[in-house]
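Work through these short exercises on charged side chains. Try each task before reading its solution.

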Amino acid sequence: MTSITPRKKQINYPSFQSWVKKELKNPDFRVAYEHERALVKIAFALEEARLQRQFTQEDLAKNVGMKPEAISRLESGTHNMTVGTLIRVAGALGKQVEIR
């Protein structure tokens, strides 16, 4: 007796970009997306500035009176920071906070 192997159904998933484009039509999603996007952009900018100054997270933490773990959280983009913290960290890196 021969066995019949069922054919696997091909599932076509949309690309991430097309999914995001569709979801951005939802106002609630758009607000949350833009918030997260801003946090990630700030996090990358902080890490880039720190590396340009050749600071370790420990060096930066000492300069601003924080723990290295706090700097790590800021650079992860998953932590909300106060404007005061952002200004303090940016200043220690020789940068200014600018809103456009």
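The exercises below concern salt bridges in a predicted model.

**Exercise 1.** Find how many salt bridges the structure holds.

Solution. Opposite charges can pair when the charged atoms of their side chains come close. The count for this structure is 4 salt bridges. Three of them are treated below.

**Exercise 2.** Decide whether Lys22 and Glu23 form a salt bridge, or do not.

Solution. Step one: take the cut-off, a Lys or Arg side-chain nitrogen within 4 Å of an Asp or Glu carboxyl oxygen. Step two: take the distance; the closest N and O atoms of Lys22 and Glu23 are 3.9 Å apart. Step three: conclude that Lys22 and Glu23 form a salt bridge.

**Exercise 3.** Place the Glu34 and Arg37 pair in its helix, then classify both residues as buried, partly exposed or exposed.

Solution. Start with the contact: Glu34 and Arg37 form a salt bridge, with 3.4 Å between the closest N and O atoms. Next, the helix: both residues lie in helix α2, residues 27-52. They sit 3 residues apart, about one turn of the helix. Last, accessibility. Partly exposed runs between the 20% and 50% limits. Glu34 has 33% relative accessibility, so it counts as partly exposed. Arg37 has 41%, so Arg37 is partly exposed too.

**Exercise 4.** Classify Glu98, Arg100 and Lys22 as buried or exposed.

Solution. First, the contact: Glu98 forms a salt bridge with Arg100, the closest N and O atoms being 3.2 Å apart. Then apply the limit: exposed means over 50%. Glu98 is exposed because its relative accessible area is 60%. Arg100 reaches 89%, so Arg100 is exposed. Lys22, from Exercise 2, has 54% and therefore counts as exposed.

Key. Residues numbered from 1 in each chain as written. Predicted model: local features only at pLDDT ≥ 70, side-chain atom pairs only at ≥ 80, totals over all residues. Heavy atoms only, no water. Buried < 20%, exposed > 50% of the residue type's maximum accessible area, 1.4 Å probe, protein only. Helix = DSSP H or I, 4+ residues; strand = E, 2+ residues; numbered from the N terminus.
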